[in-house]
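Visitor: Hi! Could you walk me through this one? I have a few quick things to ask.
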Amino acid sequence: MDLNLTEDELAFRDELRSWLAANFPKDWADWREKPIEESFPYLRAWQRKLQEGRWAAVSWPKEYEGRSATLMQQAIFWEEMARVEAPPMANSLGLGLIGPTIIAFGTEAQKKRFIPKILNAEEIWCQGFSEPNAGSDLAGLQTEAVLSGDHYIVNGQKVWTSYGWVGDWCELVVRTDPNVPKHKGLTVLLVDMKSPGIEVRPLRQMTGESEFNELFFRDVRVPVENVLGKVNDGWNVAMSTLMYERGSYGARLHLIFKRYITRLIELARNIQRDGRPAAQDPIIRQKLAQCSAEIEIMRCNQMRAFSRVTATGVPGPEGSIQKIFWSELNQRLQQIAQEILGPYGQLLAGDPRAIDNGMWSYAYLRTRGNTIEAGTSEVQRNIIGHFVLGLPRSY
Amino acid sequence: MQFGLSESQDFLKDSARKFFAGECPSAEVRRLMETDTAYDASLWSKLTDQGYTGIIFPEAYGGVGLGKVELMLLMEEAGRALLPGPFFSTVVLAGAVLDTVCSAAHKHKYLAPICRGETRATVAILESNASWNPRDIQLTASNGKLTGEKYFVTDAAIADFIIVVARNGVFVVDSKAHGLKVSPMSAVDLTRKLYVVEFSNTPAEEIGATADLARAFDIATAALAAELVGGMQRTLDITVEYAKTRKQFGKPIGMFQAVQHQCADMYLETESSRSAVYYAGWALEENSPDAATAVSIAKMYASDAGRTVGNRGIQIHGGMGFTWENDVHLYYRRAKGSETAFGDATFHRERIASMVIDCGSVSAKSA
């Protein structure tokens, strides 16, 4: 056990730091509060800049313009990006989830066709996984693809699609064989979002925004060469994508949560409660301390998991611990924020009396989604129960 | 950065697990807990042969010279086996105090025999106010004599000497000293006995300053948290095994999500405690500026988790969990004792608050 960075890790970090010092966009502050529809060209440009420095996809193999970064280097990458509060990359799903899946399962032609444009943000990717009747039970999805000559004809509906409104391509999971057990009849298609028959609608969520879309497919034609992996092996391909979802990206959460708690402590020093600053209220102190401690433990859990994956070579079901831990911690953190802010906590962005321009009321609502998105807490507990503890499958 | 165990650390942990499984099985724990002191001389000499009694102490005093992470691993395995008797009191607590506060001469006199396995010792801290805040200690030595009482002193009846924390210094009192009276307190944990220690004009040898105890107490606190982790792991293992085999409604109860998800939470709580404990061990070893915070984080989390893991373990066992013959309650009892020792979660949360709210934040090492 040695928690000091190795020479390679230090060199990686220092190279990134000096690149960021020279290239961090100074006008980001003017853009960060704007709606993503408006800032999207800016985010594309930022990704291109990162790619020029070979920083857009550090985890990718060197032959695909990545850096073959170790998991710890990837964690360092996300921490550094969080430290400088860097803009997100426009094609975050393409870079984080779908690109690696194409590299793992794609044909040479597919890699040649898709990878460069993922990297330079020319083609934005979205993910067509969840359906109205297939959420946690993803394998029960019903969107069907029927082979007709050299095309699949796709009909069905997807929900909770991030970047659907701007997506050029979609990693779509479809049912190609309805007559076999549900996991065995799925196939992943790479679908051009400009194909006739696709309709994209915004899905308004409880925060009032529309981060996600609904996708409707009516007789959409997808050429057979756009099958990713093998026909009817889509479950494996899709699971591989979801594995990346629980990868090193979480390393940035430590700094994000720390920023929250630091700000909250600052607020608690200034907000009065029963005639003294909230920061002197013993119950508030207990809760802030609990949260601060859990933020550190989350990081220790992550680092331990990264070391374990590095040693064993495969991301395991332990990622489910991280998912449960951070999502439930974030909810507790926002609840404490509400207790400290009192009536001010409910004020929305734009209200002249809102603290931090309504960030806390937004986060309070938004974090309810944390225990649902990317695998509900219930599904994560099933994964731990079955795959880690060896208990019989409960569903 | 490597937050996994090294080969030698893995080896130490594995061999400790095998050692305790062989020498301290459940039947032995149950036999010892029914005795007055839970001490067994032959087990102690085997612990000594393993080098455990000198694990973190300098070779100059007959120790093995390993680090704090190794101490955490050993205590984790001791906790898994529910090792009864004065190991924590003697080696971890008294040993760390001696190693931290006293002169080389005193170390030769008191620490070396501990390393060699020749003496048992303990540290008397709490008084009737039961406060873990050193400021609340009232007992004061005068002219090399102590008069007063200490409560909740672990393993005092088997100790050859007792280290006494007074307002004006740290003292050693020989178990045969004049005016010393040791009487048992009847407490929940049957494997680590508690005592009232009374002094009446009792001669005491000063060995160090009370203000220098913080680091030794941090080491002991982290080690207790490590021991809790081992207890949690054993409780989890027993419970998962039971959930796989116990059938109701024609199915293993572990198939029901109400049961399975509690097992998942036990796993999450155990692993998170372990992460916090290993980090604390590392921070102590490296004398990292956040070591004290890291210790409080570990003890805070493990104190609560030790209890909740036990709660869930008993609940999942159903009626069996409520019986005397099931081992889960033995771990539950230990967890209760360890939870309050060196400050419970509430105590450590306030300590964390004073460090992160009042003095600015300190955090786990980030990349």
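Guide: Happy to; we can take confidence, the contact and a sheet in turn.

Guide: This is a predicted model, where local features need pLDDT of at least 70, side-chain atom pairs count only at pLDDT 80 or more, and totals for chains, interfaces and linings use all residues. Residues are numbered from 1 along each chain as its sequence is written, with chains lettered from A and ligands numbered from 1 in the order in which they are written.

Visitor: What ipTM does the complex get?

Guide: The predictor gives an ipTM of 0.95, with a pTM of 0.96.

Visitor: And what pLDDT does chain B average?

Guide: Chain B averages 96 (pLDDT is the predictor's confidence in each residue, from 0 to 100). In chain B, pLDDT stays under 50 over residues 362–367.

Visitor: How many residues does each chain bring to the contact?

Guide: Chain A gives 45 residues and chain B gives 45 (residues are in contact if their C-beta atoms, placed from the backbone, lie within 7 Å).

Visitor: Which helix of chain A supplies the largest share?

Guide: Helix 9 of chain A, with 17 residues (helices are DSSP runs of H or I, at least four residues; strands are runs of E, at least two; both are numbered from the N terminus).

Visitor: New topic: in what order do the 4 strands of the chain B sheet come?

Guide: The order is 1-3-4-7, in an open sheet with mixed pairing (strands pair if DSSP finds at least two bridges between them). Strand 1 (121–124) and strand 7 (205–208) of chain B are the edges.

Visitor: How many bridges join strand 1 to strand 3 of chain B?

Guide: 4 bridges, and the two strands run parallel. B:A121 stands opposite B:F161 in strand 3 of chain B.

Terms used: Two residues are in contact if their C-beta atoms, placed from the backbone, lie within 7 Å.
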